[in-house]
Amino acid sequence: MDKVLLLNGSPHQFGCTHTALREVSDAIEDSGLQTEILHVGAVNIPGCKACGYCSRTGRCIMDGDPVNTVIEKLRDCSGLVVGSPVYYGGPSGAIVSLLERVFYACDSAYLKGKPAAAIASCRRSGTTATFDRLNKFFTISQMPVVSSQYWNGVHGNNPDEVLHDLEGMQTMRTLGRNMAWMIKCFEAGRAVGIEFPEPEKPIATNFIR
């Protein structure tokens, strides 16, 4: 059965970001797919060292954090949702460090065509900037971005306040249903021979003359 991987980039395992991700997860499961929420925001995740090890092995040389676990799970999942709290108008440092290493190490062959979405949790503002930053990981990797009825953000200073953000929670449910729908549509297409477009040979342009 298709499974969607949800990453919680908050240091609080069951805080506001988890509350939003849980709503997305429940909607996906109600649509007949499986989900897994992986809490990655509470451990020390160093930034990429640009050593090149992952380009040869498909794994990060730093093996003491969730990065390689996420890489393995991404190979098998059918969709990805990344959630983060808002820190100074952007995603948490932990989730950014993780995604930079994961996406640099991952072979685009098993990322392209895989639906993805980002959600942001904040007390008051900064959700849209966080949402935009996270989506850049998907759009450079040819991952179709799943949308909802509004930009994917919830507001609240604790999980109970998030639950009272009725529009935000509805946005999360819509996102979950849309994610499940897109995955099913892609599966139906592949069943009748509609495959992802063959890529051109990459062109790297250097603007220094």
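**Exercise 1. Is Cys51 buried, exposed or partly exposed, going by its relative accessibility?**

Solution. Start with the basis. This is a predicted model, in which local features need pLDDT of at least 70 and side-chain atom pairs count only at pLDDT 80 or more, while totals for chains, interfaces and linings use all residues. Residues are numbered from 1 along each chain as its sequence is written, and side-chain values use heavy atoms, without hydrogens and water.

Step 1. Set the classes: buried is under 20% relative accessible area, exposed is over 50%, and partly exposed lies in between (1.4 Å probe, protein chains only).
Step 2. Cys51 has 45% relative accessibility, so Cys51 counts as partly exposed.

**Exercise 2. Count the disulfides, then check Cys51 and Cys185.**

Solution.
Step 1. A disulfide is a pair of cysteine sulfur atoms within 2.5 Å. The count by this rule is 0.
Step 2. For Cys51, the nearest cysteine sulfur belongs to Cys54, 6.5 Å away.
Step 3. For Cys185, the closest cysteine sulfur is in Cys77, at 18 Å, too far for a bond. Cys185 is partly exposed, at 34% relative accessibility.

**Exercise 3. Lay out the sheet and place helix H5 on it.**

Solution.
Step 1. Helices (H or I, at least four residues) and strands (E, at least two) are DSSP runs, numbered from the N terminus. Two strands pair if DSSP finds at least two bridges between them.
Step 2. The open sheet has 5 strands, ordered S2-S1-S3-S4-S5, with parallel pairing. Its edges are S2 (34-39) and S5 (153-155), each paired on one side only.
Step 3. Inside, 6 bridges join S3 (residues 79-85) to S4 (residues 116-122). Gly83 has Ile119 in S4 as its bridge partner.
Step 4. H5 (residues 127-139) packs on the sheet and touches S3, S4 and S5; contact means heavy atoms within 4.5 Å. The direction of H5 makes about 155° with that of S4. Axes are lines fitted to C-alpha atoms, for helices over the stretch in contact, and angles run from 0 to 180 degrees between N-to-C directions.

**Exercise 4. Find the buried face of helix H3 and what covers it.**

Solution.
Step 1. In H3 (residues 67-76), the buried residues are Val67, Asn68, Val70, Ile71 and Leu74.
Step 2. These buried residues fall within an arc of 155° seen down the axis of H3, so they line one face. The arc is that of the directions from the helix axis to the C-beta atoms.
Step 3. Their cover includes S1 (3-8), S2, S3 and H4 (93-105).
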